[in-house]
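Reader: I should like to learn how to read a structural model in a methodical way. May we take its features one by one, with the general idea before the particular case?

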Amino acid sequence: MYTTKFLRLMETFFIGLIGGYLFNLGNLPLPWVLGPLTFVMLWQGFTKRQAYWPSTVKNSGLIVLGIYFGMYFTVQTFSSIGPYLVTFVVLTVALIAASIFISSVITKWIDVDKVTSAFGSIPGGLTEMVIASESLNARSSLVVIFQTVRLITVLFVVPTTIIFYFTQVGSSASGLFESTEPAVGGWSYAWFILPVLAGWLCRNKIPAGIVIGPLALTAILNISTIDLPSVPNTFLILAQMAVGIGLGKNISFSDLKMGGKYSLVYFGVSISLITISFGLGILLAQLTSLDLATAILSIAPGGLIEMVLTASIVGADPAIVSAFQLVRILLIITFVPPFLKWYFRKNVKQNAA
């Protein structure tokens with residue numbers, strides 16, 4: 001039994017490694033995340049073999065990336081985001097409002113109810129949106145499909161677009177690792193035990209806790225007098241692969257086929273929201289002193305991991321992008337589901353009266 005699982009694990013790893021290597025060879029965006037994601041997803045779809053990738057492996061990758069992102073934070077970072085916070089929150093609320101509006105409008109032409117459409121379109125966590133939608137009797141299976149379409153669209157469109165506009169061809173393969181050689185070694189690596197424990201303890205306590213815990217504690221250690229070593233390149237590549245393979249494993253052809261023609265509709269919704277977010281990012285850059293790349297990546301409806309990795313490639317400020325993406329995630333997960341529950345229940349009562 002254990003031998004079979006190990007062989008399946010190695011099979012999955014090598015499929016992901018091939019994908020990452022080929023994406024890296026082709027200078028494609030985020031090669032060690034999107035390459036494994038694509039190849040594992042296609043491998044499962046065409047061979048009908050189920051990839052084996054335990055959640056502990058993916059979580060380990062998330063913890064390493066959380067530590068890496070936390071090392072970008074300085075004392076100046078915390079003082080820098082303060083003046084922009086209100087403006088950012090207002091623009092994020094505008095993006096959320098746009099997603100609710102667009103998802104409601106399209107239900108006039110397709111056989112999907114407004115509740116399902118809204119929860120399937122909002123740029124929040126897939127799991128959280130599905131759980132919240134179930135409490136309002138939405139079609140949770142469609143929410144999963146539409147959120148999956150949104151996730152795939154954002155993962156490929158946003159990094160590709162940003163890297164295309166803000167870097168020269170060929171720079172994406174190396175930009176992430178320009179300054180990641182270990183500065184100090186030996187016992188100094190023992191400090192990383194604390195962020196690892198923080199990630200493990202926070203993984204089910206707060207949204208995205210497996211990343212936020214290590215990120216926050218590493219940031220605290222980094223602004224203290226402690227001299228932290230850099231995360232070695234090999235660990236960063238393996239961490240990105242762990243996350244990419246984990247994402248690809250959870251995307252199945254059958255789920256996408258189940259959505260049928262609606263998958264194309266919600267792909268269009270995702271493209272619309274990405275376009276709106278780019279416009280809001282440009283507005284954020286105009287209203288503040290943030291550079292354009294940092295502003296767009298801060299408000300983009302993407303995953304925290306992918307947006308911060310992209311920021312590190314194009315010369316944006318990964319610490320500010322991390323901080324604002326965390327604010328966006330917490331805002332959506334904390335306030336949007338209760339608001340939608342109140343809003344749709346209110347509409348039901350009004351229609352019944």
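Author: Let us begin with how elements are named. Helices are DSSP runs of at least four residues, numbered from the N terminus. With that convention, T288 is placed in the loop between α13 and α14. Please keep in mind throughout that this is a predicted model.

Reader: How many helices and how many strands are there in the protein chain?

Author: The protein chain has 16 helices and zero strands.

Reader: How much confidence does the prediction carry, and where does pLDDT stay under 50?

Author: The general idea is one of caution: where pLDDT is low, the predicted coordinates should not be read in detail. Here the protein chain has an average pLDDT of 83, and 88% of the residues score at least 70. Residues 168-175 stay under 50, and the model gives them nine contacts beyond four places in sequence. Residues 177-182 also stay under 50, with 16 contacts beyond four places in sequence.

Reader: What share of the protein chain counts as buried, and is T288 buried or exposed?

Author: Burial is judged by relative accessible area, with under 20% as the cut-off for buried and over 50% for exposed. Of the 353 residues of the protein chain, 51% count as buried. T288 has a relative accessible area of 15%, so T288 is buried.

Reader: How should I read residues that are separated in sequence but brought together in space?

Author: One compares the separation in sequence with the distance in space. For the protein chain, take the contacts between residues at least 6 apart in sequence: 76% of them join residues at least 24 apart. T288 offers a particular case, since T288 and T87 are 201 residues apart in sequence and 8.5 Å apart in space, C-alpha to C-alpha.

Reader: Where is G302 found, and which residues is G302 in contact with?

Author: G302 lies in the loop between α14 (292-299) and α15 (304-314). Its relative accessible area is 7%, and therefore G302 is buried. Apart from neighbours within four places in sequence, G302 is in contact with V154, M307, Q325 and R328. The C-alpha atoms of G302 and L155 are 6.7 Å apart, although 147 residues separate the two in sequence.

Reader: Is D111 buried or exposed?

Author: D111 counts as exposed, because its relative accessibility is 59%. The residue is placed in the loop between α5 (85-105) and α6. Not counting residues up to four places away in sequence, D111 touches R139 and Y262. From C-alpha to C-alpha, D111 and Y262 are 9.0 Å apart, with their positions 151 residues apart in sequence.

Reader: Which residues form a salt bridge?

Author: In general, side chains of opposite charge can pair when their charged atoms come close. The count in this model is one salt bridge. R49 forms it with E11, and the closest N and O atoms are 2.9 Å apart. The pair links distant parts of the chain: R49 is in the loop between α2 (31-47) and α3 (55-70), while E11 is in helix α1 (residues 2-25), 38 residues apart. R49 is partly exposed, at 41% relative accessible area, and E11 is partly exposed as well, at 23%.

Reader: Which residues other than glycine have a positive phi?

Author: The backbone angle phi is read one residue at a time. N27 is not a glycine, yet has a positive phi of about 55°. N27 is found in the loop between α1 and α2, and is partly exposed with a relative accessible area of 34%. K48 is another case, with phi near 65°. K48 has its place in the loop between α2 and α3, and counts as exposed at 66% relative accessibility.

Reader: How many cavities are there, and what lines the second largest cavity?

Author: A cavity is a space where a probe fits but cannot get out. The count comes to two cavities of 30 Å³ or more. The second largest cavity has a volume of about 40 Å³. Its lining consists of G120, S121, F146, R150, Y266, V269, S270 and L273.

Reader: Which helix supplies the largest share of that lining?

Author: The largest share, four residues, comes from α13. At least two residues each are supplied by α6 (114-121), α8 (140-166) and α13 (261-287). By character, the lining divides into four nonpolar residues, three polar and one charged.

Methods
Residues numbered from 1 in each chain as written. Predicted model: local features only at pLDDT ≥ 70, side-chain atom pairs only at ≥ 80, totals over all residues. Heavy atoms only, no water. pLDDT = per-residue confidence, 0-100. Contact = heavy atoms within 4.5 Å. 1 Å grid on protein atoms, 1.4 Å probe; cavity = no way out; pocket = protein on both sides within 12 Å on 5 of 7 lines; lining within 4 Å. Points joined across faces, edges and corners; volume = space filled by probe spheres on them. Nonpolar A, V, L, I, M, F, W, Y, C, P; charged D, E, K, R; others polar. Salt bridge = Lys/Arg side-chain N within 4 Å of Asp/Glu carboxyl O. Buried < 20%, exposed > 50% of the residue type's maximum accessible area, 1.4 Å probe, protein only.
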